[in-house]
Amino acid sequence: MSPFLLTRTLPVDATDAALRADVLHGLTRHPKTLPPKWFYDAHGSELFEEITRLPEYYPTRAEREILVARAPEIAAASGAKTLIELGSGSSEKTRHLLDALPGLHSYVPVDVSESALRGAAEALLVERPDLSIHALIADFTGELVLPDTPGPRLVAFLGGTIGNLLPDERAVFLKSVRSLLSPGDALLLGTDLVKDEEVLVAAYDDAAGVTAAFNKNVLTVVDRELGADFDPADFDHVALWDRRQEWIEMRLRARRALTVKIPGLDLVVPFEAGEGLRTEVSAKFRKEGIRGELATAGLRLTQWWTDSADRFALSLATA
Ligand code: AVJ
């Protein structure tokens with residue numbers, strides 16, 4: 001059996017320090033914000049898995065449709081010996097790629113969640129005992145030091161998660177991805193596409209209220225980790241389409257004037273009645289916009305695939 005290696009590039013207390021900094025910064029400015037990465041504790045990750053099965057939430061199914069149909073083309077175009085997956089989570093969708101890459105030598109899943117990485121690797125090692133798995137506990141928005149594995153490399157960033165980054169953050173991120181690539185390497189990028197407002201808003205405000213629970217879960221995380229006294233019942237879930245920025249914005253809106261105590265930060269945070277706290281932007285893209293952002297980072301769009309309903313796209317770009 002090939003080796004399974006796990007490398008931690010995040011200090012064990014980095015998460016705590018980063019949460020404290022994000023909460024302090026985000027709740028003392030106007031408008032208030034919290035970064036979406038704090039949704040994903042164990043309960044939030046379960047809620048997200050539930051979201052991916054909702055009738056209104058099409059991105060996961062649309063992306064899987066493309067992967068199933070195009071995995072052989074992606075594999076042929078990249079000829080990858082090493083697959084690096086940023087934000088790999090359960091590595092569930094990656095199976096289609098892995099199955100199409102019989103010549104693959106190494107799989108490098110990168111995630112902040114050690115438990116997700118261990119679970120995914122455990123399952124994969126049984127199916128692909130030939131594969132060397134080198135998991136990295138790391139934040140994909142930070143600087144990545146990749147293991148020394150054979151090229152060509154294929155870096156995959158799926159799910160549309162790049163849409164959680166603001167435009168300037170995306171530019172920095174794409175440049176750092178570019179710096180990981182040598183000639184002959186490629187980036188496979190999943191992006192949700194601009195479409196009718198009704199369809200977009202429904203995907204982020206489902207009838208069963210799962211996305212509302214997912215959104216409010218971030219308050220539970222802050223309560224547990226920093227001793228705050230947020231009551232999720234004091235907030236309404238809001239999903240709105242910003243047609244100028246072309247992104248979905250999720251907010252939590254205070255139902256009344258209230259104050260929240262955060263002892264872990266020695267902070268008291270006042271909310272006005274109706275005041276919003278932005279918890280996520282999820283940008284939607286167009287082909288020419290993607291091409292331009294890739295080009296600015298020194299990447300060339302070489303292939304573009306969409307699902308049969310043109311809801312989601314996979315882009316292949318080369319250095
Ligand atoms: C996991 C970031 C791709 O933006 O669609 C789902 C997260 N937020 N419902 C997205 C999410 C609300 C999701 N990503």
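Mentor: Angles under 35 degrees count as roughly parallel, over 145 as roughly antiparallel, 65 to 115 as roughly perpendicular and the rest as oblique. This is a predicted model, in which local features need pLDDT of at least 70, side-chain atom pairs count only at pLDDT 80 or more, and totals for chains, interfaces and linings use all residues. Residues are numbered from 1 along each chain as its sequence is written.

Trainee: Why are helix 6 and helix 9 called oblique to each other?

Mentor: The axes of helix 6 (residues 167-180) and helix 9 (residues 287-296) cross at roughly 55° and come within 8 Å. Helix 6 and helix 9 are therefore oblique. Axes here are lines fitted to C-alpha atoms, for helices over the stretch in contact, with angles from 0 to 180 degrees between N-to-C directions; helices are DSSP runs (H or I, at least four residues), and strands likewise (E, at least two), numbered from the N terminus.

Trainee: Which residues make the contact of helix 6 and helix 9?

Mentor: Helix 6 contributes Arg-170, Ala-171 and Leu-174, and helix 9 contributes Glu-293, Leu-294 and Thr-296. Contact requires C-beta atoms, placed from the backbone, within 7 Å.

Trainee: What makes the backbone at Glu-246 notable?

Mentor: Glu-246 is not a glycine, yet has a positive phi of about 55°. Most residues other than glycine have a negative phi, and most peptide bonds are trans. Glu-246 lies in the loop between strand 8 (235-242) and strand 9 (247-254).

Trainee: Which peptide bond that ends at Pro-31 is cis?

Mentor: The bond from His-30 to Pro-31 is cis, with omega near -5°.

Conventions:
Two residues are in contact if their C-beta atoms, placed from the backbone, lie within 7 Å.
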